[in-house]
Amino acid sequence: MTGGGTMRIAVVLVLALGAAGCGPGETSVTAKRSLRIGVKADQPGLGLLNPKTGRYTGFDVDVATYVAGKLGVPPSRITFKTTQSSAREKALAAGTVDMILASYSITPRRKTQVTFGGPYYVAHQDTLVRADDRTIANVRDLRGKRICAVSGSNSWRRVTEEREVKATPVETATYSGCMAALAAGRIDAVSTDDLILAGLAVGTRTRVLNAPFTDEKYGVGLRKGDLAGCEAVNRALTAMYQDGTAARLLERWFGRSGLKIDPYVPQFEGCS
């Protein structure tokens, strides 16, 4: 083969890799035989780790399993890994996980670091308070109150910065830490996605206000530039809603919470 022919082949290969969003040494999730998937370990109903069995359960876990199946990866070749809010972008960039489904809201800032499939559900930010607290009825009533600020989460900023409510953030590592602080009286409220709050409230002396004030688009986090993976994930999510799986999973995990559940496929953000 001539030098010119070799050069042309090399150029075609580089262009093909670029079209798939893969650089040197990087592989799209569409080409992986096994997957490491980041999920939460302390969010009942979404992602919860049983320390005795080492098994994760929840809506996010079930959606991840479904999507992986559509990518050709069975449950036996999935490894779930606890991924805290503050570590999600770093975990994808470092290759610690291949994708993340962990109540991961799609935001303009995060889209500069992560390629998102979906959203697979649009939640709404609401507020959780102690059951006997009647001083808080909506987000405006958080003025002068202490609210939980989970490391790496944007939820508290939507109260203090976007809504300009002068609440006092109290930093906590996890949402289970928020619940402990709320029960002990160290904070007055937890404000975050309604699906998270619904799971946390079960079996506790707390109540969700049912006063939503944002749309939270839950996305499937992928390494930045994996456009082929993003498109494949979107196809899987479309199928999940069309075949009724999404409605069944939403009913299974949140049907008894009193929340209004939307069984229709969300509008996708587009892969970038």
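**Close-up views of cavities, helix packing and local backbone features**

**View 1. The second largest cavity and its lining.** Strand β7, which covers residues 114-123, gives three residues to the lining of the second largest cavity, and this is the largest share of that lining. The model shown here and in the views that follow is a predicted one. The residues that line the second largest cavity are Lys111, Val114, Thr115, Phe116, Lys224, Glu269, Gly270, Cys271 and Ser272, and by class they divide into three nonpolar, three polar and three charged. The space in this second largest cavity comes to about 40 Å³.

**View 2. A cis peptide bond at Pro119.** Strand β7 also holds Pro119, and the peptide bond that joins Gly118 to Pro119 is cis, with omega at about 20°.

**View 3. The largest cavity and the residues nearest its centre.** When the whole structure is searched, two cavities of 30 Å³ or more are found, and the largest cavity has a volume of about 100 Å³. The lining of the largest cavity is made up of 16 residues, and those that lie nearest its centre are Ser103, Ser105, Ser153, Ser155 and Asp193. Two or more residues of this lining are given by each of the elements α5 (155-162) and β11 (189-193). Sorted by class, the lining of the largest cavity has two nonpolar, eight polar and six charged residues.

**View 4. The backbone at Ser103.** Ser103, one of the residues nearest the centre of the largest cavity, is placed in the loop between β6 (99-100) and α4 (108-111). The phi angle of Ser103 is near 40°, which is a positive value in a residue other than glycine.

**View 5. Packing of helix α2 against helix α9.** Helix α2, formed by residues 59-70, packs with helix α9, formed by residues 245-254, at an angle of about 160°, and the two axes are 10 Å apart. An angle over 145 degrees counts as roughly antiparallel, and α2 and α9 are therefore roughly antiparallel to each other. The crossing that these two helices, α2 and α9, make is right-handed. On the α2 side the contact is formed by Phe59, Asp62, Val63 and Tyr66, which meet Thr245, Leu249, Leu250, Arg252, Trp253 and Phe254 of α9. Taken by class, the residues of the contact of α2 with α9 are seven nonpolar, one polar and two charged.

**View 6. Packing of helix α2 against helix α8.** Helix α2 also packs with helix α8, which spans residues 227-242, and here the angle is about 115° while the axes lie 9 Å apart. The crossing of α2 and α8 is right-handed. In this contact Val63, Tyr66, Val67 and Lys70 of α2 meet Val233, Ala236, Leu237, Ala239 and Met240 of α8, and the residues divide into eight nonpolar, no polar and one charged. Val63 and Tyr66 of α2 are thus listed in the contact with α9 and also in the contact with α8.

**View 7. The surroundings of Lys145.** Lys145 is placed in the loop between β8 (125-130) and β9 (146-150). With residues up to four places away in sequence left out of the count, Lys145 touches Thr135, Ile136, Ala167, Thr168 and Asp188. One of these contacts, Asp188, is 43 residues apart from Lys145 in sequence, whereas in space the two residues are 6.0 Å apart, C-alpha to C-alpha.

Terms used
Residues are numbered from 1 along each chain as its sequence is written. This is a predicted model: local features need pLDDT of at least 70, side-chain atom pairs count only at pLDDT 80 or more; totals for chains, interfaces and linings use all residues. Side-chain values use heavy atoms; hydrogens and water are left out. Axes are lines fitted to C-alpha atoms, for helices over the stretch in contact, and angles run from 0 to 180 degrees between N-to-C directions. Helices (H or I, at least four residues) and strands (E, at least two) are DSSP runs, numbered from the N terminus. Angles under 35 degrees count as roughly parallel, over 145 as roughly antiparallel, 65 to 115 as roughly perpendicular and the rest as oblique. A crossing is left-handed if the near helix is turned anticlockwise from the far one by less than a right angle, and right-handed if clockwise. Contact means heavy atoms within 4.5 Å. Ala, Val, Leu, Ile, Met, Phe, Trp, Tyr, Cys and Pro count as nonpolar, Asp, Glu, Lys and Arg as charged, and the others, Gly among them, as polar. On a 1 Å grid over the protein atoms alone, a cavity is a set of points where a 1.4 Å probe fits but cannot get out, and a pocket is an open set with protein on both sides within 12 Å along at least five of seven lines; lining residues have an atom within 4 Å of a point. Grid points are joined across faces, edges and corners, and a volume is the space filled by probe spheres set on the points.
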